[in-house]
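Here is a short briefing on one protein chain. It covers a helix, a loop residue and the nonpolar cores.

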Amino acid sequence: MKVPIRTVVIDDEPYSRDELKFLLERYSDIEVIGEADSGEKGLEVIITKEPDVIFVDIEMSQMSGLDLAAALKSMRKIPLIIFATAYPNYAARAFRVDALDYLLKPFNEEELDETMKRVKERLNKNKVVEKPEPTIAKLAVEDERSIVYLSPSDITYLFREDRETIICTVDRKFYSKLPMKDLEEKLRGYPFFRTHKSYLVNLDKVELLIPWFNGAYQLKVAGRRDEIPVSRNYVKSLRERLEL
């Protein structure tokens, strides 16, 4: 069974809300999960219910639809924005706040069909790739004359030094001749993240992220005092992963 596209309708005119909700009922994969008669109430509904898409009027008292769209930029999950208005002269400003589409009242069913196609295409494009299944249960590393089997959850981070990869747990270090990319592949499916070309970190162990210089950061992991570099090229992706 398909997961419905969760939708919120925001308009200070009740007849316009009712008309749009009626038209959206034609789509079996759309679920209207909320509505609001002002921008302020609409923002509350969006924060509470986290819809996939919103239909919002532009001219509303106090908080306009454009103000609402600007306020959404600080959210972790920003819904797709469809402006639904009687005024064509706001179109340029609407697209400056990353609106997906702009519908004019009275609503035209064919135009709404085109809008919904764009919504579905964008949501399909934005779908998160399913988390891969782990490829190993334990990581085998040599320790003097024996082989130690490490649980990936016990590894805090790995780093490359000279011709060895050093695997760190809370209280020990192990050494491997395998290159970092091979160990990264073995650990696929576990929460490891490349913070630097020479470092791979277990995200479950991260405790601190510290601004450094030139847009770079350092981080600390549980149980260790080491400061691990985070290249500025990886900062945005790292913060997104940590803040999910």
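**Helix α2 and its surroundings**

In this predicted model, helix α2 spans residues 39–49, and its buried residues are Gly 39, Gly 42, Leu 43, Val 45 and Ile 46. They sit on the same side of α2 because their arc around the axis is only 165 degrees. Residues three or four places apart in an α-helix point the same way, since there are 3.6 residues a turn.

**Two sides of α2**
- The buried residues of α2 pack against three strands, β1 (5–10), β2 (30–36) and β3 (53–56), and against helix α3 (65–72).
- Exposed Glu 44, Ile 47 and Thr 48 are carried on the face turned away from the buried side of α2.
- Glu 50, just after α2, has a positive phi of about 50 degrees.

**A buried loop aspartate**
- The loop between β3 and α3 holds Asp 57.
- Asp 57 counts as buried because its relative accessibility is 3%, and the cut-off is under 20%.
- Beyond its neighbours within four places in sequence, Asp 57 contacts Ile 10, Asp 11, Asp 12, Gly 65, Ala 84, Thr 85 and Lys 105.

**Nonpolar cores**
- The largest nonpolar core has 24 residues; Ile 10, Val 56, Leu 68, Leu 72, Ile 81 and Phe 83 touch the most other members.
- At least two residues of this core come from each of β1, β2, α2, β3, α3 and β4 (80–85).
- The top contributor is α3, with 4 residues.
- A separate core of 18 residues includes Ile 30, Val 53, Leu 112 and Val 119.
- Outside its neighbours within four places in sequence, Ile 81 has contacts including Ile 54, Val 56, Leu 72, Val 97 and Leu 100.

Definitions and conventions. Residues are numbered from 1 along each chain as its sequence is written. This is a predicted model: local features need pLDDT of at least 70, side-chain atom pairs count only at pLDDT 80 or more; totals for chains, interfaces and linings use all residues. Side-chain values use heavy atoms; hydrogens and water are left out. Buried means under 20% relative accessible area, exposed over 50%, partly exposed in between (1.4 Å probe, protein chains only). The arc is that of the directions from the helix axis to the C-beta atoms. Contact means heavy atoms within 4.5 Å. A nonpolar core is a set of buried Ala, Val, Leu, Ile, Met, Phe, Trp, Tyr and Cys residues joined through side-chain atoms within 4.5 Å.
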